[in-house]
Amino acid sequence: EKGGYDYFMLKEIAEQPKAVADTLLGRIDAAGSLSLDELRIPDSVLREIDKIVIVACGTAFHAGMIAKYAIEHWTRIACETELASEFRYRDPILDPRTLVIAISQSGETMDTLMALRHAREQGAKVLAICNTNGSTIPRESDAVLYTHAGPEVAVASTKAFLTQLVACYLVALYLGQVRGTKWGDEVRSMIRELSAISTQVEQVLGTMEPVRELARALADKDTVLFLGRHVGFPVALEGALKLKELAYMHAEGFAAGELKHGPIALIEDDLPVVVVVPSPRGRSVLHDKIVSNIQEIRARGARTIVIAEEGDEAVVPYADHLIRVPATPTLLQPLVATVPLQVFACELATARGNEVDQPRNLAKSVTVE
Ligand code: M6R
């Protein structure tokens, strides 16, 4: 059943190019526009939405954090992303013009289900992004956009995450298309870029041997830190979560701009720090800032593990280890930048003798609050 792989997680990591392609399948028409009729929310309603709230847990929450950047940029609708377990306890402000998006691989996560029930009671429309046909969360939502990752068995979410991102980008671009924003051309070009992502994920998977080697070399470490900015920040959080759940190591993700407000005090000699570097094209200010963050931590002894796009030469002098990913638009970079972090965590767990598919204390779906 594991298709020749030692673990379901390895199989599921390898299935990502197909999962991404399958999630796009049939949703882009011949003219290069999106058709998401399956949403069953009339365009007239989508045009009236004035706020989006995303609720989710764990890895799905990280997908939701990334979605916020995409939604706000492409649609200009205010969007917030909140942990489902916190959402209803703060008496959130919701009304019929609010779209709540609940993201869940299993469709059975109790925290997310309770959040969406609360949202519907307040009159908000709920759209589920889900990987499991007919599960509770889509059944209780007004609409659903299924991810087509296929069954995910390993407790650590991998291919579901990538397809959740694709689904979030589709929703963001579709809203942009329906409402018409000043980014019309960008929306069209992003749809084209999304179609190329499956091949780019495949390319990343073909270059992972040095990442596995590095993971084995770090098996005795106690702590690994992860830094990112913009959409790289949730990627850093996701890298840290994977390492916690699989390698049982202390791992933390930070927004790189926060370093100087505290976390830089953690840097000591030979501490591994993974840095997700945004594209030097586009938002180049962010890129330059993160390069100086890498310089700062390296000057204090950190062992820098840098994930940067091909052709980004500015990072080379400061990277103890350099992991290349294909050039993508900044907003889409999480689709390629997350993959090495999954491989890294899986290999570290193996090197530490941990059970990869069934980490201690965890269940695949958390059906209690
Ligand atoms: O099934 P869900 O997407 O609702 O699950 C949410 C989280 O429990 C899940 O993503 C969890 O964080 C994973 N084990 C992370 O790898």
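Biologist: Before we get to the ligand, what counts as near a molecule here?

Modeller: A residue is near a molecule if one of its heavy atoms lies within 4 Å of it. This is a predicted model, in which local features need pLDDT of at least 70 and side-chain atom pairs count only at pLDDT 80 or more, while totals for chains, interfaces and linings use all residues. Residues are numbered from 1 along each chain as its sequence is written, and side-chain values use heavy atoms, with hydrogens and water left out.

Biologist: How many residues surround the ligand, and which are the closest?

Modeller: The ligand is surrounded by 14 residues, and the closest are Ser104, Gln105, Ser106, Thr109 and Glu245.

Biologist: Which polar side-chain atom of Thr109 or Ser106 comes up against the ligand, and at what distance?

Modeller: Taking polar contacts as pairs of N or O atoms within 3.5 Å, a polar side-chain atom of Ser106 is 2.7 Å from a ligand oxygen, and one of Thr109 is 2.4 Å from an oxygen atom of the ligand.

Biologist: And what does Gln105 use, backbone or side chain?

Modeller: Gln105 uses a polar backbone atom, which lies 2.6 Å from an oxygen atom of the ligand.

Biologist: Changing topic, how many helices and strands does the chain have?

Modeller: There are 13 helices and 10 strands, counted as DSSP runs (H or I, at least four residues, for helices; E, at least two, for strands) and numbered from the N terminus.

Biologist: What are the dimensions of the box that the C-alpha atoms fill?

Modeller: Along the principal axes, the C-alpha atoms of the chain fill a box of roughly 55 × 45 × 40 Å.

How values were computed:
Polar contact = N/O pair within 3.5 Å; in protein donor to acceptor, adjacent residues only side chain to side chain.
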